[in-house]
Amino acid sequence: MSEATMTRREWLLTDRPQSRLQARLGRAYVAWRRFTANKLAVIGLVIILGLVFLAIFAPLLAPHSPYIGDLAKARLLAPGAGHWLGTDDQGRDILSRLIYGSRLTLQVVLLVAVIAAPIGLLVGTVAGYAGGWVDAVLMRITDIFLAFPKLVLALAFVAALGPGIGNAIIAIAITSWPPYARIARAETLTVRNSDYIQAVQLMGASPWRIVLRHIMPLCISSLIVRVTLDMAGIILTAAGLGFLGLGAQPPLPEWGAMIASGRRFILDQWWVAAAPGVAILIVSLGFNLLGDGLRDALDPRGSGQ
Amino acid sequence: MAGFLVVVATTYLGLLAVTFFIGRVVPIDPVLAIVGDRAPAHVVERVRLEMGLDLPYYQQFWLYMKGVLSGDFGTSVLTTNPVMTDIRRVFPATMELASVGTIIGALIGVPLGVLAAVRRGSFTDQVVRIIGLVGYSVPIFWLGLLALLVFYARLGWVSGPGRIDVVFEYTFTPVTGFFLLDAILNRDWAAFRDIVSHIILPASLLGYFSLAYISRMTRSFMLNELGQEYIVAARAKGLSETRIIWGHALRNAAVPLVTVIALSYAGLLEGSVLTETVFAWPGLGLYITNSLQNADMNAVLGGTIVIGSVFIAINLLSDVLYRMLDPRTRSR
């Protein structure tokens, strides 16, 4: 069969890829097809893309300032034409605060992932590849952190470091890496004795090179799935810390802190506390749906569970 | 078994090391927290020595460990009681709440999971999945606030925050600290009704939280069992579908389910931190958050150690139960 008669679909799905690029694109195409067949997963992706869109274009999309309200005339207004979601006790537009709050949520999620995932990846791959006492010690430490109640430990850390969004991110990251280490170690153990690793060893590659260049890339896909599934939990923990006054400090429009400040008016002006909760629910639902879809698409072994 | 105990011991040691470390990096000077910032220098110095803060860190850790293992978490600055006394007073409230929550979660979650597995891919399956996903994604403190607004303030179906009405403050004498049990022991049915109407809302919320996890795991275990050959054999024998599902498949799925329910119980102890804050439930969670707000580190770390210890104990217990219930693990 010649190149010219092949459609693009056939080129992607061929059994005999002519180049590494074609093989990779083909695999991505299959995963994408499997992903988009799952309607809930697509909804999740749309939600997350929407969050990113809101965060990037917050100044253009927000109708009012998130920090400066009209204390004289616009305190605790009900949802209506001027303020779609009403105003809070300082006369600030709640919709605008929610839109700006998406930046904080995204910041928390991204930073925790950027800090925790590499730690887990490094600990897990090194433990799995080195084996022996290195493995024993590293996994012991991992198990200790895994045995902790996450939220309570994060609370204690923030109490020690002092409240603030930066410290909240550090505390959540410290409590989030152990599952990633477990996954990375399990993946490492399955490939550690395979032929291609032995071939690289014979070529004289150093252990670090093998771990960094030949083992870590294989762990990435299952790690991405796990991190995505964890995002919802991270958002909820961050919101919980914010609700307790330990996360982002006023006047930052953090969603959990917004619920806490709306709590005082819950009986008469319920929308002040209700709106940010809906935002948290939608975003963490989005991450859960996306994570489920990614797991089914990237890892057919775990599907159906 | 010996290796098992070593694992538990090192995990516990790690827990203490982390709380010790947190206690030392605190920006609040523990001496000033006790003597106040107007104390003369020689008093500050004396208290410093009494607290052993001049010793090297490994000796401090040794003292700390000895104290914690004998139940001494120091004194709470806020209540001026020993932290252990405070925790003993508030802990039953948390356990009661988490227990009722787990019971609700298991009673609803297991049947939902079974139903979803039996009717796999159907509308019911989708509904159960959505219920679970929302449970994973909803901020529990927010749901608690809305539930209070609707069921307490608007509809008046349940009692508001707290464990029991002030009316019963002098007539009701707690014995065990578990109020539901106490009311039954005292045959105080008016108090019992009041306690139920207080606990039902926060416990249902925690129950929903654990239901999400329990129903998902039940579905996956049941799908696994329903694909086994003994199910085909039971069908071939002509057993009714009800008996196959509830008598045969669920019975085998129950073994791993015990672990799941135990772990979800541990999760609820943690989830109670936020729930108790919303419902002014006088348990360990509220104690920790109140102490946090007053920079009372001894109390915070004591509470952390207690919840961590319960976590470790439940993990251990579920492991032991699993071995006891599943004969296949015995030979290994």
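Start with chain B and its contact pattern: among contacts between residues at least 6 apart in sequence, 72% join residues at least 24 apart. Keep in mind as you click around that this is a predicted model. Colour chain B by secondary structure and you'll find 13 helices and zero strands. Read from the N terminus on, every element in the run α-α-α-α-α-α-α-α-α-α-α-α-α is a helix. The C-alpha trace of chain B spans about 85 × 55 × 40 Å along its principal axes. Of the 332 residues in chain B, buried ones make up 39%.

**Stop 1: a helix pair in chain B**

Select residues 140-154 of chain B, which is helix 7, and then add helix 11 (241-279). The two pack at an angle of about 30°, and their axes are 9 Å apart. Are they roughly parallel or roughly antiparallel to each other? Angles under 35 degrees count as roughly parallel, so helix 7 and helix 11 of chain B are roughly parallel. Look at the crossing too: helix 7 of chain B passes helix 11 of chain B in a right-handed way.

Now show side chains at the contact. From helix 7 of chain B, pick Ile140(B), Phe141(B), Gly144(B) and Leu145(B). They meet Gly271(B), Leu274(B), Thr275(B), Thr277(B), Val278(B) and Phe279(B) in helix 11 of chain B. By class, the residues of this contact divide into six nonpolar, four polar and no charged.

**Stop 2: two loop residues with positive phi**

Step past the end of helix 11 and select Ala280(B), which is in the loop between helix 11 (241-279) and helix 12 (284-293) of chain B. Ala280(B) isn't a glycine, yet its phi is positive, at about 50°. Buried or exposed? Ala280(B) has 12 C-beta neighbours inside 10 Å, and a residue with 12 or fewer counts as exposed, so exposed is the label for Ala280(B).

Jump to Thr80(B) for another case: its phi is positive, at about 60°, and Thr80(B) is not a glycine either. You'll find Thr80(B) in the loop between helix 4 (57-69) and helix 5 (83-118) of chain B. With 8 C-beta neighbours inside 10 Å, Thr80(B) also counts as exposed.

**Stop 3: over to chain A**

Switch the display to chain A, which has 12 helices and zero strands. Its C-alpha trace spans about 75 × 60 × 30 Å along the principal axes. Buried residues make up 44% of the 305 residues here. Among contacts in chain A with a separation of 6 or more, 69% come from residues 24 or more positions apart.

Select helix 5 (residues 94-130) of chain A and helix 6 (132-146) of chain A. They pack at an angle of about 145° with their axes 7 Å apart, and the crossing is left-handed. On the helix 5 side, click Val123(A), Val126(A), Ala127(A), Gly128(A) and Ala130(A). Their partners in helix 6 of chain A are Gly132(A), Val134(A), Asp135(A), Leu138(A), Met139(A) and Thr142(A). This contact has seven nonpolar, three polar and one charged residues.

While you're in helix 6 of chain A, pick Ile141(A). Ile141(A) has 16 other C-beta atoms within 10 Å, so it is partly exposed. Try the distance tool from its C-alpha to that of Leu151(A), 10 residues apart along the chain: the model puts them 18 Å apart.

Next, find a proline pair. The peptide bond from Pro250(A) to Pro251(A) is cis, with omega near 5°. Pro251(A) lies in the loop between helix 10 (207-243) and helix 11 (255-262) of chain A.

**Stop 4: where the chains meet**

Show both chains and select their contact, which takes 37 residues from chain A and 39 residues from chain B. In chain A, helix 6 (132-146), helix 7 (150-161), helix 10 and helix 12 (271-298) each supply at least two residues to the side that touches chain B. That side of chain A has 27 nonpolar, seven polar and three charged residues.

**Last stop: the core**

Which residues touch the most other members of the largest nonpolar core? Leu155(A), Ala156(A) and Ile235(A) do, in a core of 163 residues. Helix 5 of chain A gives the most to this core, with 17 residues. Finish by centring on Leu155(A): leaving aside neighbours within four places in sequence, Leu155(A) is in contact with Leu246(A), Val273(B), Ile288(B) and Leu292(B).

Technical notes: Residues are numbered from 1 along each chain as its sequence is written. Chains are lettered from A and ligands numbered from 1 in the order in which they are written. This is a predicted model: local features need pLDDT of at least 70, side-chain atom pairs count only at pLDDT 80 or more; totals for chains, interfaces and linings use all residues. Helices (H or I, at least four residues) and strands (E, at least two) are DSSP runs, numbered from the N terminus. A residue is buried if 20 or more other C-beta atoms lie within 10 Å of its own, exposed if 12 or fewer, and partly exposed in between; C-beta atoms are placed from the backbone. Two residues are in contact if their C-beta atoms, placed from the backbone, lie within 7 Å. Ala, Val, Leu, Ile, Met, Phe, Trp, Tyr, Cys and Pro count as nonpolar, Asp, Glu, Lys and Arg as charged, and the others, Gly among them, as polar. Axes are lines fitted to C-alpha atoms, for helices over the stretch in contact, and angles run from 0 to 180 degrees between N-to-C directions. Angles under 35 degrees count as roughly parallel, over 145 as roughly antiparallel, 65 to 115 as roughly perpendicular and the rest as oblique. A crossing is left-handed if the near helix is turned anticlockwise from the far one by less than a right angle, and right-handed if clockwise. A nonpolar core is a set of buried Ala, Val, Leu, Ile, Met, Phe, Trp, Tyr and Cys residues joined through C-beta atoms within 7 Å.
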